[in-house]
Amino acid sequence: MKYKMIVLDLDGTLTNSRKEITPRTKQALMQAQAKGIHVVLASGRPTYGIMPLAEELELKKYGGFILSFNGGKIINCTDGAVLFEQKLDEKLVPLLYDEAMKAGMAILTYQGEGIAATDKENRYVQEEAFINKMPVVQYNDFLGQLVYPVNKCLIVGDPSPLHELELRLAEKMEGKMEVYRSADYFIECVPRGIDKARSIDRLITTLGIRREEVIACGDGYNDLSMISFAGLGVAMANAAEGIRQKADFITLSNEEDGVAHVVERFILSEKKDM
């Protein structure tokens, strides 16, 4: 199969533990783009948190795309055009806030180039700030201070109680929004019908690319849909067992240039075997 697009999750996939693209991985992706491959960065991060990596990979020059907010927004890097965007129903935000407060969790969203949070000192809020290289602003009156629209909310906390909250929220919000974890300590709260696979489908339809011509690489539960959707669904070695089981191919970890390994094997060498 001659692939035309590679879709990459960022944290735990494209970047290492320092949130950096290694030289080998960058070189492989630059070579792939020079061959005409579309590189798509698909993440739960806000657009602002993805842009530095898009610029490092020169997606504007090579016709790449950004899928931010887990696919809630699609951006053409060539001209900055927004191809698709869906906002969170603002009537649901107070419900998320109440559930987070009852569970003793912090909740955050994104305002301009910053993060608005109920507890800026929370370790997981600080992790989100580190990932995105964005400052955190304390919103003591979270619901009163928020400026709408917002693309998503993130509830953060210790893994075990957060999982219990995820189950409660998923049941309460069924049919109203999507609720799932992108990491053990992050619950993504995004508009109904938003996930990475649906947004990839929207994008390739406009480009005339078939799903069989797409490679998707990821490590998190929010990557499962695109791993299943793509012609070649790739799980990182550092992904959870349930994610690896769904993949067509398991590559090396994000600390071992796993993305470069995929690009070199399936795009640059154009091997057809798996």
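Tutor: A residue counts as buried under 20% relative accessible area, as exposed over 50%, and as partly exposed in between (1.4 Å probe, protein chains only). The structure above is a predicted model, in which local features need pLDDT of at least 70 and side-chain atom pairs pLDDT 80 or more, while totals for chains, interfaces and linings use all residues. Residues are numbered from 1 along each chain as its sequence is written, and side-chain values use heavy atoms, without hydrogens and water.

Student: Why is Cys 189 called buried?

Tutor: The relative accessibility of Cys 189 is 0%. This value lies under 20%, and therefore the residue is buried.

Student: What makes Cys 217 buried?

Tutor: The relative accessibility of Cys 217 is 0%, and the cut-off of under 20% is therefore met.

Student: How many disulfides does a search of the whole structure find?

Tutor: The search finds zero disulfides. For example, Cys 189 takes part in none: the nearest cysteine sulfur belongs to Cys 153 and is 6.4 Å away. A disulfide requires two cysteine sulfur atoms within 2.5 Å, and because 6.4 Å is outside that limit, Cys 189 and Cys 153 do not form one.

Student: Why is Cys 217 not joined to Cys 77 by a bond?

Tutor: The cysteine sulfur closest to that of Cys 217 is in Cys 77, and the separation is 17 Å, which is too far for a bond.

Student: How do you know that strands S4 and S5 pair?

Tutor: Strands (E, at least two residues) and helices (H or I, at least four) are DSSP runs numbered from the N terminus, and two strands pair if DSSP finds at least two bridges between them. S4 covers residues 73-76, S5 covers residues 82-85, and three bridges link them in the antiparallel sense. The requirement of at least two is therefore satisfied.

Student: Which residue of S5 stands opposite Lys 73, and what lies between the two strands?

Tutor: Glu 85 in S5 is opposite Lys 73. S4 and S5 form a hairpin with five residues between them. In the turn, Gly 80 has a positive phi of about 80 degrees.

Student: Which residues other than glycine have a positive phi, Lys 133 being one of them?

Tutor: Lys 133 has phi near 55 degrees and belongs to the loop between H5 and strand S8 (136-138). Asp 257, also not a glycine, has a positive phi of about 60 degrees. Asp 257 is placed in the loop between S14 and H11.

Student: Why is Asp 257 called buried?

Tutor: The relative accessible area of Asp 257 is 17%. Because 17% is under 20%, Asp 257 is buried.

Student: Which residues of helix H11 are buried, and what do they pack against?

Tutor: In H11 (residues 258-268), the buried residues are Gly 258, Val 259, Ala 260, Val 262, Val 263, Phe 266 and Ile 267. They pack against strand S1 (5-8), helix H1 (23-34), strand S12 (214-218), strand S13 (232-235) and strand S14 (249-250). Contact here means heavy atoms within 4.5 Å.

Student: What is the form of the peptide bond from Tyr 148 to Pro 149, and where does Pro 149 lie?

Tutor: The bond from Tyr 148 to Pro 149 is cis, with omega near 5 degrees. Pro 149 is in the loop between helix H6 (142-145) and strand S9 (153-156).
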